[in-house]
Amino acid sequence: MPADHAPTPARSAPAAPGVSARAERRAAPPRRRGVATGVVAAVAGWTLPGLGHLVTGHTARGLVLAVTLGSLWLGGLLIGGLSVVDRQADPAWFLGQALLAPSLAADHYRARLVAEHRAAHPDAPGGRLVPADRPPFEPSFGRARELGTLYTSLAGLLNLLAMLDVVYRPVPPARARRPAGATPTAGGRGVA
Amino acid sequence: MIALLLAYRPFIDPLPVGPGPAWTLALFLPLVVAVAVAYKAIKLDRLAHVPGQALRLALQIILFMAAAAGLLVLLTR
(Lines give C-alpha, C1' and ligand atoms only; values in the text may rest on other atoms or scores of the structure.)
Protein backbone atom coordinates (compact mmCIF):
# COMPACT_ATOMS: atom_id res chain seq x y z
CA MET A 1 0.00 0.00 0.00
CA PRO A 2 1.44 3.41 -0.92
CA ALA A 3 2.50 5.59 1.97
CA ASP A 4 0.13 8.33 0.78
CA HIS A 5 -2.84 6.01 1.31
CA ALA A 6 -1.88 4.72 4.72
CA PRO A 7 -4.58 5.45 7.30
CA THR A 8 -3.55 7.95 9.91
CA PRO A 9 -4.30 7.02 13.51
CA ALA A 10 -6.96 9.18 15.13
CA ARG A 11 -5.95 11.57 17.87
CA SER A 12 -8.12 12.25 20.86
CA ALA A 13 -7.40 16.00 21.10
CA PRO A 14 -10.47 18.12 20.28
CA ALA A 15 -10.33 20.74 17.57
CA ALA A 16 -9.03 24.13 18.62
CA PRO A 17 -11.63 26.88 19.01
CA GLY A 18 -12.05 29.07 15.96
CA VAL A 19 -11.13 26.31 13.50
CA SER A 20 -13.46 26.32 10.51
CA ALA A 21 -15.58 23.30 9.58
CA ARG A 22 -13.59 22.86 6.37
CA ALA A 23 -10.33 22.84 8.28
CA GLU A 24 -11.80 20.29 10.68
CA ARG A 25 -12.81 18.04 7.80
CA ARG A 26 -9.31 18.32 6.35
CA ALA A 27 -7.73 17.58 9.68
CA ALA A 28 -9.88 14.51 10.35
CA PRO A 29 -8.17 11.20 9.61
CA PRO A 30 -9.20 9.32 6.44
CA ARG A 31 -11.05 6.04 6.98
CA ARG A 32 -10.40 2.73 5.27
CA ARG A 33 -13.28 1.10 3.46
CA GLY A 34 -13.93 -2.48 2.40
CA VAL A 35 -12.32 -3.79 -0.76
CA ALA A 36 -15.75 -4.81 -2.11
CA THR A 37 -16.87 -1.17 -2.07
CA GLY A 38 -13.62 -0.23 -3.79
CA VAL A 39 -14.21 -2.83 -6.50
CA VAL A 40 -17.70 -1.43 -7.13
CA ALA A 41 -16.15 2.03 -7.41
CA ALA A 42 -13.53 0.65 -9.83
CA VAL A 43 -16.27 -0.82 -12.02
CA ALA A 44 -17.98 2.58 -11.97
CA GLY A 45 -14.66 4.13 -12.99
CA TRP A 46 -14.37 1.66 -15.86
CA THR A 47 -17.85 2.62 -17.09
CA LEU A 48 -17.01 6.32 -17.18
CA PRO A 49 -13.61 7.78 -16.27
CA GLY A 50 -13.65 9.51 -12.89
CA LEU A 51 -17.04 8.10 -11.88
CA GLY A 52 -15.45 5.80 -9.31
CA HIS A 53 -13.85 8.75 -7.52
CA LEU A 54 -17.08 10.76 -7.77
CA VAL A 55 -19.21 8.06 -6.13
CA THR A 56 -16.71 7.57 -3.30
CA GLY A 57 -16.70 11.28 -2.44
CA HIS A 58 -13.45 12.35 -4.13
CA THR A 59 -15.37 14.89 -6.18
CA ALA A 60 -12.57 17.20 -7.29
CA ARG A 61 -10.23 14.34 -8.18
CA GLY A 62 -13.05 12.58 -10.04
CA LEU A 63 -13.84 15.69 -12.06
CA VAL A 64 -10.18 16.17 -13.00
CA LEU A 65 -9.94 12.55 -14.13
CA ALA A 66 -13.27 12.71 -15.98
CA VAL A 67 -12.26 15.81 -17.93
CA THR A 68 -8.70 14.65 -18.63
CA LEU A 69 -9.35 11.02 -19.58
CA GLY A 70 -12.62 11.85 -21.34
CA SER A 71 -10.88 14.51 -23.43
CA LEU A 72 -8.05 12.11 -24.24
CA TRP A 73 -10.42 9.39 -25.41
CA LEU A 74 -12.69 11.74 -27.36
CA GLY A 75 -9.61 13.46 -28.82
CA GLY A 76 -8.45 10.09 -30.13
CA LEU A 77 -11.76 9.52 -31.88
CA LEU A 78 -11.74 13.08 -33.20
CA ILE A 79 -8.26 12.68 -34.71
CA GLY A 80 -8.39 9.06 -35.86
CA GLY A 81 -12.09 8.49 -36.41
CA LEU A 82 -14.12 5.42 -35.53
CA SER A 83 -11.72 2.99 -37.22
CA VAL A 84 -9.00 3.40 -34.54
CA VAL A 85 -11.11 1.28 -32.15
CA ASP A 86 -11.01 -2.05 -33.95
CA ARG A 87 -10.91 -5.31 -32.01
CA GLN A 88 -10.21 -7.43 -35.09
CA ALA A 89 -7.59 -5.28 -36.82
CA ASP A 90 -5.63 -4.11 -33.73
CA PRO A 91 -6.24 -6.58 -30.89
CA ALA A 92 -3.18 -5.47 -28.88
CA TRP A 93 -4.15 -1.80 -28.93
CA PHE A 94 -7.73 -2.76 -28.20
CA LEU A 95 -6.60 -4.33 -24.92
CA GLY A 96 -5.59 -0.86 -23.74
CA GLN A 97 -8.65 0.81 -25.21
CA ALA A 98 -10.99 -1.70 -23.55
CA LEU A 99 -9.93 -0.43 -20.11
CA LEU A 100 -12.49 2.30 -20.80
CA ALA A 101 -15.99 0.89 -21.35
CA PRO A 102 -17.00 3.42 -24.05
CA SER A 103 -14.39 1.78 -26.31
CA LEU A 104 -16.48 -1.40 -26.29
CA ALA A 105 -19.51 0.62 -27.40
CA ALA A 106 -17.46 2.34 -30.13
CA ASP A 107 -16.13 -1.02 -31.38
CA HIS A 108 -19.64 -2.49 -31.36
CA TYR A 109 -20.98 0.49 -33.33
CA ARG A 110 -18.09 0.26 -35.85
CA ALA A 111 -18.64 -3.49 -36.29
CA ARG A 112 -22.36 -2.92 -36.82
CA LEU A 113 -21.70 -0.29 -39.50
CA VAL A 114 -19.29 -2.65 -41.26
CA ALA A 115 -21.74 -5.56 -41.09
CA GLU A 116 -24.56 -3.41 -42.50
CA HIS A 117 -22.24 -2.22 -45.26
CA ARG A 118 -21.21 -5.76 -46.15
CA ALA A 119 -24.86 -6.88 -46.19
CA ALA A 120 -25.74 -4.04 -48.55
CA HIS A 121 -22.70 -4.69 -50.78
CA PRO A 122 -22.19 -8.46 -50.91
CA ASP A 123 -19.86 -8.15 -53.91
CA ALA A 124 -17.38 -5.94 -52.01
CA PRO A 125 -13.97 -7.54 -51.35
CA GLY A 126 -13.36 -8.94 -47.87
CA GLY A 127 -10.77 -7.85 -45.36
CA ARG A 128 -10.20 -4.34 -44.02
CA LEU A 129 -12.29 -1.63 -45.64
CA VAL A 130 -10.54 0.83 -47.96
CA PRO A 131 -11.86 4.17 -49.29
CA ALA A 132 -12.59 2.55 -52.68
CA ASP A 133 -15.24 0.39 -50.96
CA ARG A 134 -17.16 3.57 -50.03
CA PRO A 135 -17.46 2.44 -46.41
CA PRO A 136 -19.86 4.06 -43.91
CA PHE A 137 -16.84 5.78 -42.30
CA GLU A 138 -13.47 6.77 -43.69
CA PRO A 139 -10.75 4.34 -42.62
CA SER A 140 -7.80 6.19 -41.07
CA PHE A 141 -4.20 5.84 -42.17
CA GLY A 142 -0.84 7.37 -41.36
CA ARG A 143 -0.36 9.93 -38.60
CA ALA A 144 -4.09 10.29 -37.87
CA ARG A 145 -4.37 6.56 -37.19
CA GLU A 146 -1.19 6.52 -35.04
CA LEU A 147 -2.32 9.46 -32.93
CA GLY A 148 -5.91 8.30 -32.59
CA THR A 149 -4.79 4.85 -31.47
CA LEU A 150 -2.29 6.32 -29.00
CA TYR A 151 -4.82 8.76 -27.51
CA THR A 152 -7.51 6.13 -26.96
CA SER A 153 -5.12 3.44 -25.69
CA LEU A 154 -3.38 5.80 -23.26
CA ALA A 155 -6.77 6.96 -21.97
CA GLY A 156 -7.57 3.32 -21.20
CA LEU A 157 -4.22 2.62 -19.53
CA LEU A 158 -4.46 5.75 -17.38
CA ASN A 159 -8.00 4.70 -16.46
CA LEU A 160 -6.53 1.43 -15.17
CA LEU A 161 -4.36 3.50 -12.80
CA ALA A 162 -7.44 5.45 -11.72
CA MET A 163 -9.38 2.22 -11.09
CA LEU A 164 -6.56 0.77 -8.97
CA ASP A 165 -6.32 4.07 -7.11
CA VAL A 166 -10.01 4.17 -6.22
CA VAL A 167 -9.89 0.63 -4.80
CA TYR A 168 -7.27 1.57 -2.19
CA ARG A 169 -7.95 5.28 -1.62
CA PRO A 170 -9.43 5.94 1.84
CA VAL A 171 -12.86 7.50 2.20
CA PRO A 172 -12.57 11.28 2.57
CA PRO A 173 -13.29 12.45 6.14
CA ALA A 174 -16.39 14.39 5.06
CA ARG A 175 -18.11 11.12 3.99
CA ALA A 176 -16.73 8.80 6.63
CA ARG A 177 -19.30 7.90 9.28
CA ARG A 178 -18.38 9.13 12.74
CA PRO A 179 -19.52 7.31 15.87
CA ALA A 180 -22.39 9.04 17.63
CA GLY A 181 -21.17 11.76 19.96
CA ALA A 182 -17.67 11.79 18.56
CA THR A 183 -16.06 15.17 18.06
CA PRO A 184 -14.00 16.07 15.00
CA THR A 185 -10.36 15.33 15.60
CA ALA A 186 -7.29 17.34 14.77
CA GLY A 187 -4.23 15.96 13.03
CA GLY A 188 -3.87 13.58 10.13
CA ARG A 189 -3.97 14.48 6.48
CA GLY A 190 -7.00 15.38 4.46
CA VAL A 191 -7.69 13.88 1.11
CA ALA A 192 -9.28 15.71 -1.76
CA MET B 1 -9.15 20.04 -49.44
CA ILE B 2 -12.38 22.00 -48.98
CA ALA B 3 -14.37 19.01 -50.21
CA LEU B 4 -12.56 16.83 -47.67
CA LEU B 5 -13.34 19.25 -44.87
CA LEU B 6 -17.01 19.46 -45.87
CA ALA B 7 -17.27 15.67 -45.90
CA TYR B 8 -15.58 15.35 -42.50
CA ARG B 9 -17.83 13.91 -39.78
CA PRO B 10 -16.31 14.43 -36.32
CA PHE B 11 -15.66 11.25 -34.29
CA ILE B 12 -16.60 9.08 -37.29
CA ASP B 13 -14.02 10.04 -39.94
CA PRO B 14 -10.34 10.74 -39.27
CA LEU B 15 -8.96 14.26 -39.52
CA PRO B 16 -8.17 14.88 -43.20
CA VAL B 17 -4.42 15.29 -42.68
CA GLY B 18 -3.22 12.70 -45.20
CA PRO B 19 -0.03 10.75 -44.50
CA GLY B 20 1.05 13.22 -41.81
CA PRO B 21 2.46 16.70 -42.36
CA ALA B 22 5.00 18.00 -39.83
CA TRP B 23 2.46 20.13 -37.92
CA THR B 24 0.61 17.00 -36.84
CA LEU B 25 3.53 16.31 -34.49
CA ALA B 26 2.14 19.19 -32.40
CA LEU B 27 -0.84 16.94 -31.62
CA PHE B 28 1.50 15.07 -29.26
CA LEU B 29 1.52 18.09 -26.93
CA PRO B 30 -2.08 17.75 -25.67
CA LEU B 31 -1.42 14.03 -25.29
CA VAL B 32 1.61 14.68 -23.09
CA VAL B 33 -0.23 17.29 -20.99
CA ALA B 34 -3.24 15.00 -20.47
CA VAL B 35 -1.02 12.08 -19.44
CA ALA B 36 0.85 14.31 -16.96
CA VAL B 37 -2.34 15.76 -15.45
CA ALA B 38 -4.06 12.38 -15.10
CA TYR B 39 -0.98 10.75 -13.58
CA LYS B 40 -0.41 13.53 -11.06
CA ALA B 41 -4.12 13.71 -10.18
CA ILE B 42 -3.90 10.07 -9.16
CA LYS B 43 -0.52 10.22 -7.44
CA LEU B 44 -0.60 13.44 -5.44
CA ASP B 45 -2.42 13.71 -2.14
CA ARG B 46 -3.25 17.41 -2.52
CA LEU B 47 -4.94 18.45 -5.77
CA ALA B 48 -3.63 22.00 -5.35
CA HIS B 49 -0.17 20.70 -6.28
CA VAL B 50 -1.34 19.07 -9.51
CA PRO B 51 -0.98 21.99 -11.99
CA GLY B 52 2.63 22.76 -11.14
CA GLN B 53 3.73 19.15 -10.86
CA ALA B 54 1.89 18.19 -14.06
CA LEU B 55 3.52 21.05 -15.97
CA ARG B 56 6.92 19.94 -14.73
CA LEU B 57 6.26 16.32 -15.72
CA ALA B 58 4.97 17.36 -19.16
CA LEU B 59 8.14 19.39 -19.79
CA GLN B 60 10.28 16.45 -18.69
CA ILE B 61 8.45 14.08 -21.06
CA ILE B 62 8.84 16.51 -23.98
CA LEU B 63 12.54 17.04 -23.23
CA PHE B 64 13.24 13.31 -23.00
CA MET B 65 11.28 12.63 -26.20
CA ALA B 66 13.26 15.34 -28.01
CA ALA B 67 16.54 13.93 -26.65
CA ALA B 68 15.57 10.40 -27.72
CA ALA B 69 14.62 11.67 -31.18
CA GLY B 70 17.96 13.52 -31.48
CA LEU B 71 19.85 10.41 -30.42
CA LEU B 72 17.99 8.27 -32.96
CA VAL B 73 18.75 10.80 -35.72
CA LEU B 74 22.45 10.64 -34.83
CA LEU B 75 22.45 6.84 -34.75
CA THR B 76 20.61 6.35 -38.03
CA ARG B 77 22.44 8.92 -40.17
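In this predicted model, B:Val35, once its neighbours within four places in sequence are left aside, is in contact with A:Leu154 and A:Leu158. These three residues reappear in the description of the largest nonpolar core, which has 41 residues and in which those with the most contacts are A:Tyr151, A:Leu154, A:Ala155, A:Leu158, B:Val35, B:Val37 and B:Ala38. Helix 2 (35–47), helix 4 and helix 7 of chain A each supply at least two residues of this core, as do helix 2 (28–43) and helix 3 (50–76) of chain B. In soluble globular proteins, nonpolar side chains tend to be buried together.

The contact between B:Val35 and its partners in chain A belongs to a helix pair. The axes of helix 7 of chain A and helix 2 of chain B come within 10 Å and cross at roughly 5°, and helix 7 of chain A is therefore roughly parallel to helix 2 of chain B. On the chain A side the contact is made by A:Leu150, A:Tyr151, A:Leu154, A:Leu158, A:Leu161, A:Ala162 and A:Asp165, and on the chain B side by B:Leu31, B:Val35, B:Ala38, B:Tyr39 and B:Ile42. Sorted by class, this contact has 11 nonpolar residues, no polar residues and 1 charged residue.

Seen over the two chains as a whole, 35 residues of chain A are in contact with 25 residues of chain B. The elements of chain A that give two or more residues to the side touching chain B are helix 4 (59–80) and helix 7 (142–168). That side of chain A has 20 nonpolar, 8 polar and 7 charged residues.

Helix 4 and helix 7 of chain A also pack against each other, at an angle of about 160° and with their axes 7 Å apart. Because angles over 145 degrees count as roughly antiparallel, helix 4 of chain A is described as roughly antiparallel to helix 7 of chain A, and the crossing of the two is left-handed. Among the residues of helix 4 that take part are A:Leu65, A:Leu69, A:Leu72 and A:Trp73, and those they meet in helix 7 include A:Tyr151, A:Leu154, A:Ala155 and A:Leu158. By class, the contact of helix 4 with helix 7 in chain A has 13 nonpolar, 7 polar and 1 charged residues. A:Tyr151, A:Leu154 and A:Leu158 thus take part in the contact with helix 4 of chain A as well as in the contact with helix 2 of chain B.

Within chain B, a charged side chain deserves separate attention. B:Lys40 is found in helix 2 of chain B and counts as buried because 22 other C-beta atoms lie within 10 Å, the criterion being 20 or more. Apart from its neighbours within four places in sequence, B:Lys40 is in contact with B:Val50, B:Gln53, B:Ala54 and B:Leu57. B:Lys40 and B:Pro51 are 11 residues apart in sequence, and their C-alpha atoms are 8.5 Å apart in space.

The two chains can finally be set side by side. Chain A has 7 helices and 0 strands, and buried residues make up 38% of its 192 residues. Of the contacts in chain A with a separation of 6 or more, 72% are between residues 24 or more positions apart. Chain B has 3 helices and 0 strands, running α-α-α from the N terminus on, and 23% of its 77 residues count as buried.

Note on methods
Residues numbered from 1 in each chain as written. Chains lettered and ligands numbered in written order. Predicted model: local features only at pLDDT ≥ 70, side-chain atom pairs only at ≥ 80, totals over all residues. Contact = placed C-beta atoms within 7 Å. Helix = DSSP H or I, 4+ residues; strand = E, 2+ residues; numbered from the N terminus. Nonpolar A, V, L, I, M, F, W, Y, C, P; charged D, E, K, R; others polar. Core = buried A, V, L, I, M, F, W, Y, C linked by C-beta atoms within 7 Å. Buried ≥ 20, exposed ≤ 12 C-beta atoms within 10 Å, placed from the backbone. Axes fitted to C-alpha atoms, helices over the stretch in contact; angles between N-to-C directions. Parallel < 35°, antiparallel > 145°, perpendicular 65-115°, else oblique. Left-handed = near helix turned anticlockwise from the far one by under 90°.
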